[in-house]
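Here is a friendly walk through the model in front of you. Keep the viewer open and follow the side chains as they come up.

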Amino acid sequence: MERRFFRILLLLTGSILLMTACGRRNSTRKVIGGADAETSIVLQENRKTGSAALKAEEFTVPSVPSYLQEPAAQAEFISRHFWDNLDMTDSTMISRNSRAIVEYIGILEQLPLEKGVAALDALLKKTEPHEEVSAYFLGKLKLLLMDPNSPIRNDELYEPVCRFIIAHASELDSEKFQAELELKFIQMNRRGTVANDFVARDRSGRNVRMHKVMSPYTLVVFFNPDCHGCDESMAYLKASAVLNSAPVKAQLKVVAVYVDQSPDIWERAKDMIPEDWICLWDQEGRLRQNEVYDLKAIPTLFLLDAEKRVLLKDATLPGVENYFVQLFGAQ
């Protein structure tokens, strides 16, 4: 049973690119178009509307009781009852309702993390007796929450999915090995913890320790000049009215780290980085070799506080802007 179950899961997730090269993520974090065309369309529609307003095609989501007036209470109710009317014995029904999974994740993101995780735990437990339905959910959740190019990537919500796979896969199953690796990266440099330190070479050839960068806030950007997504992100960062406003610039230091080993590209990297940023080169490739950070895709951004605690992990630039808008009222 286990081995057949995870063969199904492997087929469902086989098109997901887990080890992406540079240039496959940009500031809008596009979904890999060929991996799941319908999900890609749904995500594009959700970005246009600004909310998860799509309706399930074959089942109805229970109505929120009238006595629940607070938005937080309504979201929690929906998260616990969203799938109540889904026939788990019909493996084709959920595939006809794949749009609903995107809507469901949008609801979970409105909840405190522990409640979102609890809702996912309950969903996975509910699907467990239904092999193909369970495998379908696992594949979709992996695509949406863990793929480096997903615009709704959220590794904290993916953690219960990893734990479910680890608990149910056989010891020799490749899916279990992959889930263990993903769980390792999820638990690394997570929000609220001190980010892993590293040493890299600056423009003058001097070694700089990241933890020694003195600033109330530090934005670490792992990049490669040959990466199209990196070019887009760098242009966005340089032009951002919020991040270049006086109150933010006074407290934010940008540390741009070239993560590959080409001396020629490093020379170009130095030229494209503004003088008021710290530009570093991981010349020996230790960041990837020692798995100091999860760099499956670049650019990868971390926003840190003065003590180098992680405020935003694997952030988007709009997310960084929003952080400072909330903090300073920067426009």
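A residue is called buried here when its relative accessible area is under 20%, exposed when that value is over 50%, and partly exposed in between (1.4 Å probe, protein chains only). At 40% relative accessibility, Arg268 therefore falls in the partly exposed class.

Some ground rules come next. This is a predicted model, in which local features need pLDDT of at least 70 and side-chain atom pairs count only at pLDDT 80 or more, while totals for chains, interfaces and linings use all residues. Residues are numbered from 1 along each chain as its sequence is written, and side-chain values use heavy atoms, with hydrogens and water left out.

**The overall picture**

The protein chain has 14 helices and seven strands; helices (H or I, at least four residues) and strands (E, at least two) are DSSP runs, numbered from the N terminus. Of its 331 residues, 51% count as buried. The chain exposes about 15,300 Å², and carbon and sulfur atoms supply 52% of that area (Shrake-Rupley method, 1.4 Å probe; for residues, only the protein chains shown count as cover). If contact means heavy atoms within 4.5 Å, then among contacts between residues at least 6 apart in sequence, 69% join residues at least 24 apart.

Helix H7 is a good one to look at. Its 16 residues should span 22 Å at 1.5 Å a residue, and its end C-alpha atoms are indeed 22 Å apart; the expected span is 1.5 Å times one less than the number of residues. Because 15 of the 16 residues of H7 are buried, the helix is largely enclosed by the rest of the structure.

**Salt bridges**

Side chains of opposite charge can pair when their charged atoms come close. A salt bridge here is a side-chain nitrogen of Lys or Arg within 4 Å of a carboxyl oxygen of Asp or Glu, and the count comes to 20 salt bridges. Three of them are listed below.

| Salt bridge | Closest N and O atoms |
|---|---|
| Asp294 and Arg153 | 3.8 Å |
| Asp226 and Arg268 | 2.6 Å |
| Arg309 and Glu307 | 3.3 Å |

What do Asp294 and Arg153 tie together? Asp294 lies in the loop between helix H13 (286–289) and strand S6 (300–304), and Arg153 in the loop between helix H7 (131–146) and helix H8 (155–168), so the pair joins parts that are 141 residues apart in sequence. Both Asp294 and Arg153 are buried. A network of salt bridges links Arg153, Asp294, Lys296 and Asp314.

Asp226 is partly exposed, with a relative accessible area of 43%. In the third pair, Arg309 is partly exposed at 35%, and Glu307 is partly exposed at 48%.

**Aromatic pairs**

Rings of Phe, Tyr and Trp (its six-membered ring) pair if their centres lie within 6.5 Å; planes under 30 degrees apart count as stacked, over 60 as edge-to-face and the rest as tilted. The count comes to 15 aromatic pairs. The rings of Phe82 and Trp83 have centres 4.7 Å apart and planes at 65°, so this pair is edge-to-face. Phe82 and Trp83 are both buried, and ring pairs link them with Tyr104 and Phe137 into a cluster.

The rings of Phe222 and Phe302 have centres 6.4 Å apart and planes at 85°, so they also pair edge-to-face. This pair links distant parts of the chain, with Phe222 in strand S3 and Phe302 in strand S6, 80 residues apart. Both Phe222 and Phe302 are buried.
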